[in-house]
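Please take a moment with the sequence and the structure shown here, and then follow the text from one part of the fold to the next.

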Amino acid sequence: MSKIDQKSEHILRELTANGRISNIELADRVGLSASACLRRVQEMERSGLIKGYRAVLDRAALGSGFVAYIGVGLRDHSKASQEAFERSISRAPEVRECHNITGTIEYLLRVECADLPAYKSFHTDTLGAMPQVSSITSYVVMGSPKDERA
């Protein structure tokens, strides 16, 4: 499915807002019959346009309400250094997202911890202990007035 029309875009917007919406309600919202809507959704799933469905968790209720974005610079820009960093970071449960980016640093992390002392421990004992890391810049999230991640 290379090009999508307005109806399919509308379906995607509705599913992004509520992945548990019933097919009947979805069809009603986008102005299609239930069978036509289901066919479109199934085709988008088969083609890989829809990769899956997720639950949005209340991290604060789960005890990990402290959120920070961290810019990480590496000492060495080699492929081996990047792969070693990525292997290490993939084992850190506090890291919810890791992005290899362009600019003055190599990685942007989204980290969730219980509180500031837990973050300090992660910062010192995990990130600070990685031999590939040369710089760490933390940006603590004070609020998220818009967050569309699923």
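How many bridges join β1 to strand β3, and in which sense do the two strands run? In this predicted model, strand β1 (residues 66-74) is joined to β3 (residues 107-113) by 7 bridges, and the two run antiparallel; within this pairing, Tyr-69 stands opposite Arg-110 in β3. Strand β1 also pairs with strand β4 (residues 133-140), again in the antiparallel sense and over 7 bridges, and here Gly-73 has Ser-135 of β4 as its bridge partner. Of the 9 residues of β1, 8 are buried, so the strand is largely enclosed by the rest of the structure.

Strand β1 also leads to the aromatic rings, for Phe-66 in β1 pairs with Tyr-119 in helix α5 (residues 116-127), although the two are 53 residues apart in the chain. Their ring centres lie 5.5 Å from each other with 35 degrees between the planes, and the pair is tilted. The rings of Tyr-119 and Phe-122 have centres 6.4 Å apart and planes at 40 degrees, so this pair is tilted as well. Buried means under 20% relative accessible area, so Phe-66 at 14%, Tyr-119 at 6% and Phe-122 at 2% count as buried. Ring pairs thus link Phe-66, Tyr-119 and Phe-122 into a cluster.

Elsewhere, the axes of helix α2 (residues 23-30) and helix α3 (residues 34-47) come within 9 Å and cross at roughly 100 degrees, which means that α2 is roughly perpendicular to α3. Where they meet, Asn-23, Leu-26, Ala-27 and Val-30 of α2 face Ala-34, Cys-37, Leu-38 and Val-41 of α3, a contact with 7 nonpolar, 1 polar and no charged residues.

Terms used. Residues numbered from 1 in each chain as written. Predicted model: local features only at pLDDT ≥ 70, side-chain atom pairs only at ≥ 80, totals over all residues. Heavy atoms only, no water. Axes fitted to C-alpha atoms, helices over the stretch in contact; angles between N-to-C directions. Helix = DSSP H or I, 4+ residues; strand = E, 2+ residues; numbered from the N terminus. Parallel < 35°, antiparallel > 145°, perpendicular 65-115°, else oblique. Contact = heavy atoms within 4.5 Å. Nonpolar A, V, L, I, M, F, W, Y, C, P; charged D, E, K, R; others polar. Buried < 20%, exposed > 50% of the residue type's maximum accessible area, 1.4 Å probe, protein only. Pairing = 2+ DSSP bridges. Phe/Tyr/Trp six-rings, centres within 6.5 Å; stacked < 30°, edge-to-face > 60°.
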